[in-house]
Amino acid sequence: MHVDDFWTFLELSRQAGPSQPERETFLGERLARLPRADLLDFVQHLSATREPANTYRLWRAADLIVTQPSSMDSFHYFQMWLVGLGRPVYEAAIDDPDSLAGVPEVVRLAAVPHPWDDEDYPEWESLEYVACQVGDGRADIDGDIRDVVAEERHVRLRMDPDPDDAEWAGLSTAELARRYPRLWTLFGAAWKQ
């Protein structure tokens, strides 16, 4: 599976329905029909999306959107949610995290009063598990599909964020407002409370 096909799969899943469970069902059904190599490619491409997104610069944008510091796990799930928004949104956010302020799903979140319902949070933890569940049901996959990809393809699949752009790690409230002016306009009031 080429990386373009990976992104097409995700885009097609959006057409299957707006909810994450609907999209996961679509993806699971399609992934189950793929040849083994393509399924492994999907897992490898999904993991590879995390590398460019593995920055404190993006992590601080996630913090602003959820109006509180995000844990490592929450940021990981935010990265998966960002991938689920599609390639153009993902790539724009990697280039300029403040661009998320123009994404309809983010604008909608700004209008939802806190506390949010679970389905409102910008996280998609279970996206990573769709291929795992498909792999569990296949006779040609022995064990966790992520381990199979790592072992057979000699690649490291990142499990936890470990950004190296430390200058973005401990931003003050004033710096958040300055560096993310559009997101601050949407979510800054929650930080001022």
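Let us start at Arg146, which sits in helix 10, the stretch covering residues 145–153. Keep in mind as you look that this is a predicted model. Is Arg146 buried or exposed? Its relative accessibility is 17%, so Arg146 counts as buried, given that buried means under 20%. Its side chain has a polar partner: Arg146 and Asp144 are joined, side chain to side chain, by a polar contact of 2.7 Å. Setting aside residues up to four places away in sequence, Arg146 also touches Val43, Glu128, Tyr129, Cys132, Leu157 and Met159.

Several of those names come back when we look for empty space. Rolling a probe the size of a water molecule over the atoms shows where such space is left. How many cavities of 30 Å³ or more does a search of the whole structure find? It finds one. The largest cavity has a volume of about 80 Å³, and Arg146 belongs to its lining, together with Val43, Leu46, Ser47, Glu128, Ala131, Cys132, Ile145, Leu157, Arg158 and Met159. Sorted by character, this lining holds seven nonpolar residues, one polar residue and three charged ones. Helix 3, helix 9 and helix 10 each contribute at least two residues to it.

Helix 3 is our next stop. This helix runs over residues 36–48, which makes 13 residues. From first C-alpha to last, helix 3 reaches 18 Å, close to the 18 Å expected at 1.5 Å a residue. Which of its residues are buried? They are Leu39, Leu40, Asp41, Phe42, Val43, His45, Leu46 and Ser47. Val43, Leu46 and Ser47 are buried in helix 3, and you have already met them in the lining of the largest cavity. The buried residues of helix 3 pack against helix 1 (3–16), helix 2, helix 4 (50–53), helix 6, helix 9 (127–136) and helix 10.

From there we can step across to helix 2. Its 13 residues should span 18 Å at 1.5 Å a residue, and because its end C-alpha atoms are 18 Å apart, the model agrees with that expectation. The buried residues here are Arg23, Glu24, Phe26, Leu27, Gly28 and Leu31. They pack against helix 1, helix 3, helix 6 and helix 9.

Arg23 in helix 2 deserves a pause. Its relative accessible area is 7%, so Arg23 is buried. Where does its side chain reach? It comes to the backbone oxygen of Gly84, at 2.9 Å. Now find Ser13: Arg23 and Ser13 are 10 residues apart in sequence, and their C-alpha atoms lie 4.8 Å apart in space. Ser13 is also one of the residues in contact with Arg23; leaving aside neighbours within four places in sequence, the others are Leu10, Arg14, Gly17, Pro18, Gly84 and Trp124.

Pro18 leads us to the last stop, the largest pocket, whose volume is about 510 Å³. Of the 21 residues that line this pocket, the closest to its centre are Pro18, Gln20, Trp81, Glu119 and Tyr121. The elements giving two or more residues to the lining are helix 2 (20–32), helix 6 (72–84) and helix 8 (104–111). How do the lining residues divide by character? Eight are nonpolar, four are polar and nine are charged.

Notes
Residues numbered from 1 in each chain as written. Predicted model: local features only at pLDDT ≥ 70, side-chain atom pairs only at ≥ 80, totals over all residues. Heavy atoms only, no water. Helix = DSSP H or I, 4+ residues; strand = E, 2+ residues; numbered from the N terminus. Buried < 20%, exposed > 50% of the residue type's maximum accessible area, 1.4 Å probe, protein only. Polar contact = N/O pair within 3.5 Å; in protein donor to acceptor, adjacent residues only side chain to side chain. Contact = heavy atoms within 4.5 Å. 1 Å grid on protein atoms, 1.4 Å probe; cavity = no way out; pocket = protein on both sides within 12 Å on 5 of 7 lines; lining within 4 Å. Points joined across faces, edges and corners; volume = space filled by probe spheres on them. Nonpolar A, V, L, I, M, F, W, Y, C, P; charged D, E, K, R; others polar. Expected span 1.5 Å × (residues − 1).
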